[in-house]
Amino acid sequence: MASAPQPGGPGTIPLDPPDRLVRTIGAWEGDSGREWLAALPGRVADTLERWELRPERVFTPGGQISMIVLVRTADGTPAVLKLGMVTPETEHEHAALAHWDGRGAVRLLRAEPAQGAMLLERLQGEVSLRSLPEPKAMLEATATLQRLWVAPAEGHPFTSVADCTAGLAGHLRERREQPWAAEVRPLIDEALALREQLLATPAEDVLLHGDYHHGNVLAAERSPWLAIDPKPLVGERAYDLAWLVRDRVETLAASPGPQAAARRRVAKLGAALDVDPERLRGWSHFRAVEAGVWSLSVGDSQAGELLLEFASWL
């Protein structure tokens, strides 16, 4: 077990990965994930030393594929050390944060992309938009999201929505043939057809967050709310907004007339951000079906069934 010097006095703090990180990496990434987890405490300790950071505590429950350590820099500035598993979704997170440079998102202070290591400004990690009533949360979420939708830099490294969803569609087709997917094949077929239709017409190319929801928008000092944890892509705004459409899906499911409520949400968010509601509905359906089928494939039937039910309402 690795440990690091405790700030302001003798002793050490443990650098064990939080339980949620252990569970999700083990379930999602298999043997490679377990190897990464085994080496993680030592890599955290090494980064703390090389970057001259004083650890305060490991933030829990933390991320699903990253470990978060609250630290102080050499001059005493509060910051966050994030070490994540590098995947195709996360490999360009640092580049997106650098491009935004604090506009609507957490500010990047330092990075070692190959190691999945980033030093970030300290936000209020315990306070996300989930702490607000839904109408207020949606209002703040749309205001923050608008700030992120900017033109990418020339020669940017980000994957396009078309290329990203090509891979997702391929996995959907493979999972469609599994015995457990028999009942949801009509939803899968609709999702695949909608993707083809959406990509057949020209769309804008802006920098997208990629995983934008209430839990990924935190309270901050220099701005009321800032986004974290992007999985950046370049493409149309409707694709990004689609993840927000299904936020707090449990609340929608418990409401009277969830189908009408879901469709009203699509119309309202589309109007608020000047996004074509039909394109938003299409991408919302595709993203919900893809996520739902993936959840079923990794054994999370509760989340999978709820996401697929949501897709059926659109």
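**Phe286 and its partner**

I began with phenylalanine 286 in this predicted model. Its relative accessibility is 0%, so I logged phenylalanine 286 as buried, the cut-off being under 20%. Next I checked tryptophan 283. Tryptophan 283 is buried too, with a relative accessible area of 0%. Both residues sit in helix 9. They are three residues apart, about one turn of the helix.

How do the rings of tryptophan 283 and phenylalanine 286 lie to each other? I found the ring centres 5.8 Å apart and the planes at 85°. The pair is therefore edge-to-face, since the planes are over 60 degrees apart.

**Other rings**

I then looked up the total: three aromatic pairs. Ring pairs join Tyr239, Trp283 and Phe286 into a cluster.

I moved on to phenylalanine 310 and tryptophan 313. Their ring centres are 6.0 Å apart, with planes at 80°, so I noted this pair as edge-to-face. Helix 10, residues 301-313, holds both of them. They are three residues apart, which means a separation of about one helical turn. Are these two buried or exposed? Phenylalanine 310 has 0% relative accessibility and counts as buried. Tryptophan 313 stands at 6% and also counts as buried.

**Charges over rings**

I searched for arginines over ring faces. Arginine 287 lies over the face of tyrosine 239, at 4.2 Å from the ring centre. That tyrosine belongs to the ring cluster with Trp283 and Phe286. Arginine 246 lies over the face of tryptophan 243, and here I read 4.3 Å from the ring centre.

**Cores**

Which residues have the most contacts inside the largest nonpolar core? I listed Leu97, Tyr212, Leu241, Leu280, Trp283, Val289 and Phe310. The core itself has 75 residues. Helix 9, residues 277-297, gives the largest share of it, seven residues. Two residues from my ring entries, Trp283 and Phe310, are on that list of most contacts.

I took valine 289 for a closer look, leaving aside neighbours within four places in sequence. Valine 289 is in contact with Leu172, Leu187, Ile188 and Ala191. Leu308 and Ala311 are also among its contacts.

Last, I looked up a second core. This one is separate and has 22 residues. Leu21, Met67, Val71 and Leu81 are included in it.

Methods
Residues numbered from 1 in each chain as written. Predicted model: local features only at pLDDT ≥ 70, side-chain atom pairs only at ≥ 80, totals over all residues. Heavy atoms only, no water. Core = buried A, V, L, I, M, F, W, Y, C linked by side-chain atoms within 4.5 Å. Buried < 20%, exposed > 50% of the residue type's maximum accessible area, 1.4 Å probe, protein only. Helix = DSSP H or I, 4+ residues; strand = E, 2+ residues; numbered from the N terminus. Contact = heavy atoms within 4.5 Å. Phe/Tyr/Trp six-rings, centres within 6.5 Å; stacked < 30°, edge-to-face > 60°. Lys NZ or Arg CZ within 6 Å of the ring centre and 35° of its normal.
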